[in-house]
Each structure stands twice: as C-alpha cells, then as structure tokens.
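This report looks at selected parts of a model with two protein chains, moving from a strand to its sheet, then to a loop residue, and finally to the second chain.

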Amino acid sequence: MTVSKFKGAFAALMLSAAAVPALAEDVNIVVWAGGSNDADAYRITAIELAADMLEREAAIEGRELNITVEGKRDFGGWEEFKQGVTLAAEAGTAPNIVVTSHLDIAPWSQAGYIVPTEDYLDFDAWPLNDIYPNLLEIAAYNGIQWGIPQDAESRPFFFWKDTMRGIGYSDADIAALPAKIEAGEYTLQNVLEDAKKAVEMGLVEEGYGFYPRPSNGPDYAQFYQSFGGVLQDPETGKLVLDKAAMEAFYQFFADAVDAGITRKNHLGTDWGQWYSEVANGKAATWHGGTWHYARYTGKEGNEDFFGTIEFGLIPAGNDNGRANTITHPLVYLVTDQQNDDHEDIAAQLVKIASEPRMNSLHAIQSAHLGISKQQSNIEIYSNDRWASEATERLLGTANAQPNNLDYGAFSEAMFKGLEAAWTGVKSPADAVTELESELTAKLGDNLIVK
Amino acid sequence: MPRFNALGFGFLAPALIVVALFFLAPVILTVFFAFTNMSTSTGITGGDYLLSQSDLRGVKASGVSDETYDALENAGYLVDDAGLARLAEARDQATADELAALHSGAKFDARRDMERALKDLRDNRIRSTRDRKALAELFKTSVMDERFGSEAAFRTALDGVGIPQADQDILVKEAYTGWVWTTENMKLLFSLDSSYRYAMNTVIYVTLTLGFNVGFGLFLAISTFYLSPGMAATFRTIWFLPRILPPVLYVLMWKWFTWDTGFLATITGYLGIAPRNWMLDTATNAWVVVILINGFVGASLGMILFSSAIKAIPSSMLYASEVDGANRWQQVRYIILPQLRWPILFTTSYQTLSLLTSFEYILLSTDGGPGRATEVWALAAYHTALNNYGGNLQYGFGAAYALILVIIGIAASLLYLRFFNFKELVTKPRIEG
C-alpha cells in the first residue's frame with residue numbers, strides 16, 4: 001500500500017478493525033531470494049518460522065490465519081532473479097517478499113514495485129529498534145525506510161599465514177597486521193611488495209601473489225576508496241568521479257599484473273576454481289567476503305581457518321585514502337500487492353524473521369554478520385568466533401555503496417575501465433579519460449567530476 | 001485468375017503468426033522502446049506522480065519559485081484544527097482532545113515523529129501500529145513521498161498545499177515516475193566513444209568470421225567431394241558437431257582447450273612457451289578464439305549447402321575435364337567454383353545478417369573482454385538493456401543500440417534482394433505462361 005492510499009483506506013480499515021471477522025483466512029506468501037545457495041536457506045526458512053509464529057498470535061487473538069509460504073531461490077544468477085522480479089511486478093504477479101541487494105531499492109521504489117516497510121512497521125519497537133542504525137540507513141532511500149536488512153557482511157583482505165611466514169613475518173607480525181592496516185601503516189604498496197616476494201621466493205606461483213575476486217562486484221569500489229575515492233557526495237547525493245583516485249586504483253591493478261603477482265587474464269576465472277585455490281593456500285593474498293568463511297571451512301575443506309588465514313580491512317592505497325571495507329547487506333523488501341492486508345502480513349513476517357534469535361540462525365549457518373545488537377547475547381552467535389571477530393574488526397568501519405538510480409551505470413563503467421587497464425588494453429590514464437567521457441554523457445547532472 | 005484461397009491462407013497462418021510474434025512485434029517494440037527513457041526505475045506499463053527527496057534537486061534546478069520549493073522542503077506534519085477535526089471524525093473526540101492538549105500546534109518533519117506524538121496518548125491509546133500510521137497521515141501537510149495515481153489527483157494535492165499553477169506544471173513533469181518519449185538515446189549513442197569502438201568491433205567480427213565461414217565451408221565441401229562417400233559422410237558429420245552441440249557445452253570445451261591450465265597451454269608448455277590463457281590474454285587472442293568459435297559453427301552450414309550444390313554439377317562435366325587433362329585445382333577453379341556462385345552469395349548474405357545480431361557465443365566465451373576488446377554491438381545492447389549489477393536496467397538505451405542493428409539489417413536485406421534479383425527468382429516459369 002502506498003502512502004497516498006492511507007486516507008482512502010482509512011474508513012474501511014476502522015470498520016474492519018471494529019468487527020473482527022471470525023472467518024478463516026488463507027494467505028499465500030511467496031518469497032524469492034536472489035543470490036542464495038544452500039547455506040542461505042534461512043532467508044526463506046525464517047519466513048516460514050515467522051509464519052508459524054504469526055498464525056499462533058492470530059489464533060490467540062481468536063482469528064484463524066493460515067499462511068502458506070512458498071520459497072524460491074534457484075535462480076540462474078542475479079540477472080535472472082532481477083529480471084524475474086521486475087517482469088513479475090509489471091505483470092502484477094510479484095512475489096510478496098523479495099530478498100535482494102540494497103541497490104535495487106532505488107530503481108524498484110521509483111518504479112512502484114515495492115512498498116515502504118515503514119508503512120506497516122513500527123521502527124521504534126522491538127525487534128526493529130535493535131537493528132544497527134547504519135544498516136537500517138542502507139535499507140532506506142530518500143528518507144523512507146523501504147526495507148529491513150536481512151544480513152550484514154563485509155569484505156575483508158586475506159593473508160595466507162604460511163606464505164607470510166615464508167617471506168619473513170613472525171607470528172606476532174602477522175597478528176599485528178589487521179591493526180597496522182587499520183592505522184594506515186600497511187598499505188596496498190606493501191601488498192605489492194610482499195606478494196612479489198612470495199612469487200620470487202617460489203612460495204606461490206606467478207600470478208598468485210595477489211588473487212582478487214574474478215568478477216565485478218562491490219569489492220572493487222573498496223579499492224577506489226583505498227585511494228581516496230568517494231562514491232557519493234553527502235551534500236548533494238550526486239555520484240562522484242575522483243579522477244586521481246580512480247587512476248591510482250587502476251594503476252594498482254596494472255602494477256600488480258606487471259609485477260607478475262596477479263594474472264593478466266585473472267578476470268573471468270571460474271569461481272569454483274578460485275574458492276578452492278584461496279582456501280588452500282595457493283594464493284599469498286586475496287580479498288573476499290565474510291561469508292567466504294563458510295565456503296572455505298565447508299566445501300573447500302580448510303579445517304584450520306584461524307591457523308592458516310589472517311584477515312583485515314582492505315588496506316589504504318595512499319595518503320589520500322583509508323583502510324576500508326564495504327558492506328553490501330541483502331534486504332527484505334515487501335512488494336506492492338492488490339491486497340494491502342497481504343502487504344501487512346508480509347511486513348509482519350519480515351519483522352518476526354528479524355528477531356535476533358531468528359537472524360542468528362542465518363548469520364551463523366551462512367557465515368554472515370548479524371543485523372542487531374542483541375545478537376551478541378544469543379549464544380549461537382556469540383559462541384561463533386568468526387562472527388564475533390569479523391563483526392568487531394570490520395563492521396565498525398564498513399560503509400555501503402550508495403542507493404542511487406545511476407549507481408548501476410557508474411559501477412559497470414568503473415569495472416569496464418578497470419578491466420581495460422588490468423588486461424593492458426588501455427593505460428590507466430586512458431581508461432579514466434574514457435570513463436570520464438562515458439559517465440559525463442550518461443549521468444549528466446547526477447555526476448561530480450573532480 | 002487470382003482469388004482469395006481460404007485453405008492456402010489457413011496453411012500460411014502459422015507462419016504468419018510466427019513472423020508477427022517473433023519478428024514484427026520485436027522490431028516494432030524496439031523502435032518504440034528506443035525513443036523512450038524506459039528503465040527499471042520508470043517501469044514499462046506507465047507511471048505515477050511522486051515527489052521524493054532526490055526529485056527536489058531537480059525541482060530546485062527547474063526554476064520553481066522559492067516559496068514553492070520551501071513549501072515542499074519544509075512541509076511535514078502539523079497538529080492543527082483541521083487535522084484534529086479529521087482525527088475526531090475518524091476515531092473519537094476524546095482522542096482528538098487529548099492529542100490537542102499534548103501537541104496542539106506542533107510541527108513534525110518526519111512521519112515517525114508524528115507517530116511518536118500519537119504514542120504519547122495515554123487515556124486513549126492507539127494500540128495497533130497500522131491504525132496509528134493511518135491516523136498520523138491525517139496530519140500530513142506535504143505532498144512529498146506520496147504516490148498519486150493520476151495527474152489530476154496530484155494537482156488536487158498540490159492545490160491543497162497552495163502551490164501556484166505555473167509551478168504545478170513543472171512539478172507534474174518532475175514528479176512523473178513513468179517513461180517519456182525522448183531522442184536523447186540516439187544523441188547519447190552517437191556521442192559516446194565506445195559506440196564507435198563497438199561498431200568497429202562488429203565490422204571486424206562480421207568480416208573475419210564470414211571469411212572464415214565461407215572459406216572453410218568451401219574447403220570442407222570441395223575436399224570431402226573428392227573422398228569416398230563413406231569417408232566424406234564421416235568427415236562432414238564430424239565438422240557438423242559444433243552446430244549441433246549445445247552452445248554452453250561447446251564454449252565450455254573451448255574454455256578447457258584455451259585456459260592457462262588447459263590443453264593448448266600444456267602442449268605449448270612442452271615447447272617451452274610459458275602457459276597463458278589463449279582466450280583472454282590479449283585482444284588478438286580473444287579475437288582469434290571468438291572467430292574460430294563462431295566460424296566452426298557457421299562453416300558447417302556452408303559445408304552442407306556447398307556439398308549439395310557440388311553434387312548437382314553434372315558428373316559428365318567433370319569426366320570430360322579429366323579427359324581433357326585438367327588437374328584437381330583446375331577442376332575446382334573452372335568448373336566447381338563458377339557453379340557455386342549462387343550458394344556462396346546466399347551463404348554470405350544470410351550469414352552477414354545472422355552474425356550482425358548474434359552474440360551468444362561471445363557472451364559465453366569472452367563476455368566482450370578483455371577490456372571490451374570483443375564487445376560487439378549486439379552484446380553491448382544486451383549488456384545495456386538486461387545486465388546491470390546495480391539493478392537499474394536501461395531498456396530504452398539498449399533498444400536504441402538494437403534499433404541501429406534493425407536498420408542495418410533491413411537495409412542489407414533490401415540490398416541483397418535486389419542483388420539476387422529476387423523478382424526473377426519468383427517469376428512464373430515461362431513454360432506455364
């Protein structure tokens with residue numbers, strides 16, 4: 001339901017509230033979760049559990065409410081999922097609840113596919129008042145709370161401890177790395193040097209000194225920030241192209257290729273191969289996400305994560321930049337439906353699924369981070385070393401990509417420029433020049449170039 | 001005497017439906033989309049009227065009066081007599097009186113603050129969250145963040161908050177969330193450097209792949225012609241495999257073949273060449289692989305067409321040439337090739353058109369990489385319209401890319417029809433005339 005319909009719906013609402021019907025109500029709630037594999041099953045299961053709770057609450061109030069939850073998460077990929085949601089919404093058959101990237105909030109809210117969760121939920125009340133404010137902020141757009149964060153994560157930089165020992169680090173040095181990174185004392189230039197040593201000493205193969213993510217994703221914006229880049233101007237809400245930072249960021253990857261520590265054709269490496277290699281020490285340094293923990297220790301069989309891997313923020317690139325990490329929470333969104341009562345039920349389900357205990361099931365099973373403060377008082381969460389250490393070391397400094405209608409175009413163009421510089425098709429300076437002309441033409445007034 | 005034949009029409013109907021659905025409709029939609037600013041955020045089926053915070057930036061730049069801008073920016077929730085009267089009507093007088101006692105005259109920027117004010121009620125508690133939210137709306141003085149289904153409803157709301165008519169026209173334009181007609185896509189397309197590069201890539205791709213298709217198809221047809229029938233059939237079947245393999249599997253095999261740990265790198269490794277990814281190492285590598293992947297698929301079609309055309313050559317001509325002492329090359333040069341003129345022209349024209357719009361093998365293999373070196377026009381259209389990590393797909397701009405292809409395709413088809421003298425091909429045989 002949209003805000004404007006409130007007044008109109010008001011009288012009817014009052015009437016229905018006065019005379020609660022004793023009829024049984026059958027509601028079918030469809031949940032689609034994008035980018036979710038087996039470990040993320042609780043994105044849907046939590047809604048099923050919440051439905052059970054809501055039915056019981058209704059029963060006690062004397063209403064018979066039967067909620068059937070239909071979940072779907074076997075999409076071919078993010079593109080297929082997003083196309084599916086938008087086309088279904090256009091056809092008026094959108095799923096009631098979607099779990100998706102927070103970046104979809106801007107276009108989907110503008111298109112009217114989703115309704116604000118704040119139309120139905122009290123964010124001053126439990127459990128929503130316990131969610132970290134910075135995460136809630138990421139699920140808001142234009143001052144409206146559209147969604148509820150479903151999980152949190154961040155994207156750390158990883159070191160393989162054995163390799164670091166091999167190039168002369170003591171255990172104490174390695175343990176001090178995260179703090180040195182945060183203080184800006186260990187930078188991406190040090191990464192280049194250490195990775196080069198590891199390659200030259202034969203500890204890792206050529207191209208495995210620094211082993212980045214093989215496809216586009218929020219991760220690369222971190223390196224732009226490492227060199228002082230800012231994604232969005234806080235004053236005007238416009239996107240920002242900082243040419244010097246962008247060029248330094250491109251140059252870093254070009255240098256890594258020149259030094260032989262990163263493969264020239266690294267982008268496009270199969271994800272399965274990539275996971276298996278980094279989880280078993282084939283790479284000296286790399287970057288990934290907090291949820292990788294589940295994959296490394298599960299499917300890839302690394303039984304001693306803390307003994308073999310050290311992690312910290314993405315190091316600063318130069319004096320202009322800072323050590324940073326991006327969190328890219330998925331959010332629960334409630335879609336626009338003909339029947340406002342179904343929107344209400346969907347919103348209630350999402351609220352119940354955000355209870356600390358419920359969310360902890362997902363957080364621990366999928367190695368994501370929690371969304372609310374009280375999760376540190378839930379034993380399954382607090383007993384998990386990864387969740388508590390990663391929350392402490394990373395989440396405090398994490399920022400998110402901006403919810404902005406043009407951010408998709410910005411991010412695609414930035415990555416294409418990186419790819420051109422990385423593979424040597426263009427020099428970093430030329431790649432930035434082309435990026436500038438492309439973004440200026442496409443974004444126009446919504447871009448600040450500096 | 002030509003007359004309407006219902007049976008004939010009936011037989012044609014499925015074909016007509018297919019042509020209309022899968023050719024005409026997409027072409028018409030492409031033309032239509034290309035002149036809109038349609039994207040995920042505008043939706044496809046139309047829009048509403050919504051002023052949000054980010055629209056205010058545009059509003060400020062659009063020249064509305066300062067009063068209007070302030071009215072929009074600073075409006076919020078006001079506990080005034082009118083609002084209290086609405087509350088009394090919707091709930092009861094006691095609730096309105098209690099709220100008046102607590103907050104009369106109060107002004108809140110955000111809905112949440114208004115809801116908190118309603119929570120302060122003690123004697124007349126509003127317990128249900130949904131009710132409280134609905135009641136908070138009774139005090140709204142702003143048109144911001146409300147979605148209006150029609151322009152009339154939006155204008156009524158603007159009248160309600162006292163926005164003058166002149167400013168309303170600007171606001172209506174700014175607030176519309178749906179798509180609008182525009183020629184900006186075309187302007188943008190011709191102003192981007194990348195467009196020229198994609199056009200160049202497409203020329204390279206079509207020319208080289210076509211050359212390979214026809215040349216290799218011809219080579220296969222002629223060489224298998226001179227083999228024994230059993231052997232010829234075996235070879236033709238083998239070369240037909242790329243076409244009948246599912247594209248994903250076919251390209252996957254190419255990936256295994258060219259990866260830096262793949263077959264090719266292992267073999268060249270024995271020769272002392274450092275292992276590399278033969279598909280993505282340089283732009284040249286990528287082009288060679290893209291052309292071979294597409295070329296082997298296309299060559300098999302040429303092979304079949306040319307083989308059957310060669311078989312249609314009267315064998316007496318070939319025997320006669322052998323009697324005259326012609327060698328194989330002379331047979332090919334002076335007998336076979338001249339007879340293949342029409343099949344070659346047909347294959348060339350047909351494949352030009354299909355290559356212009358085909359991108360599936362490139363998408364699966366290099367995805368336009370490295371660094372957009374193999375991004376062809378059709379792939380750029382796909383990437384723009386249907387592939388975006390940030391979520392806002394540019395349907396309109398992507399269609400503008402596609403429209404250029406449609407125009408080139410239609411122009412080329414007309415040219416080919418003229419070239420082939422289509423009229424002559426379909427004239428009635430003299431014998432019946």
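In this predicted model, strand β12(A) is covered on both of its faces: I309(A) and F311(A) are buried on one side, and E310(A) and G312(A) are buried on the other. That arrangement can be read against a general pattern. In a regular strand, side chains point alternately to one face of the sheet and to the other.

The sheet to which this strand belongs is open and consists of 4 strands of chain A in the order β9-β11-β8-β12, with mixed pairing. Within it, β9 (210-211) and β12 (309-312) of chain A stand at the edges, and because each has a single partner strand, one side of each is left without a neighbour in the sheet. Strand β8 (residues 157-160) of chain A runs antiparallel to β12(A) and is joined to it by 4 bridges. Among the residue pairs that can be named here, F157(A) has G312(A) in β12(A) as its bridge partner, while F158(A) stands opposite F311(A) in that strand. Both F311(A) and G312(A) are thus also among the buried residues of β12(A).

Elsewhere in chain A, T187(A) lies in the loop between α7 (171-182) and α8 (188-200). Is this residue buried or partly exposed? T187(A) counts as partly exposed because it has 19 C-beta neighbours inside 10 Å, whereas a residue needs 20 or more to be buried. Leaving aside residues up to four places away in sequence, T187(A) touches P315(A), A316(A) and G317(A). By contrast with these contacts, T187(A) and I371(A) are 30 Å apart in space, C-alpha to C-alpha, with their positions 184 residues apart in sequence.

The two chains also meet, and the contact takes 48 residues from chain B and 56 residues from chain A. On the side of chain B that touches chain A, the elements giving two or more residues are α2 (53-61), α6 (111-119), α7 (129-136), β4 (147-148), α10 (184-191) and α11 (193-225) of chain B. Of these, α7(B) gives the most, with 5 residues. By class, this side of chain B has 12 nonpolar, 21 polar and 15 charged residues.

The domain assignment of chain B is as follows.

| Domain of chain B | Residues |
|---|---|
| domain 1 | 1-25 |
| domain 2 | 47-67 + 145-177 |
| domain 3 | 76-141 |
| domain 4 | 189-432 |

Taken over C-alpha atoms, the centres of domain 1 and domain 2 of chain B are separated by 50 Å.

Terms used. Residues numbered from 1 in each chain as written. Chains lettered and ligands numbered in written order. Predicted model: local features only at pLDDT ≥ 70, side-chain atom pairs only at ≥ 80, totals over all residues. Pairing = 2+ DSSP bridges. Domains from an automatic or database assignment. Contact = placed C-beta atoms within 7 Å. Nonpolar A, V, L, I, M, F, W, Y, C, P; charged D, E, K, R; others polar. Buried ≥ 20, exposed ≤ 12 C-beta atoms within 10 Å, placed from the backbone.
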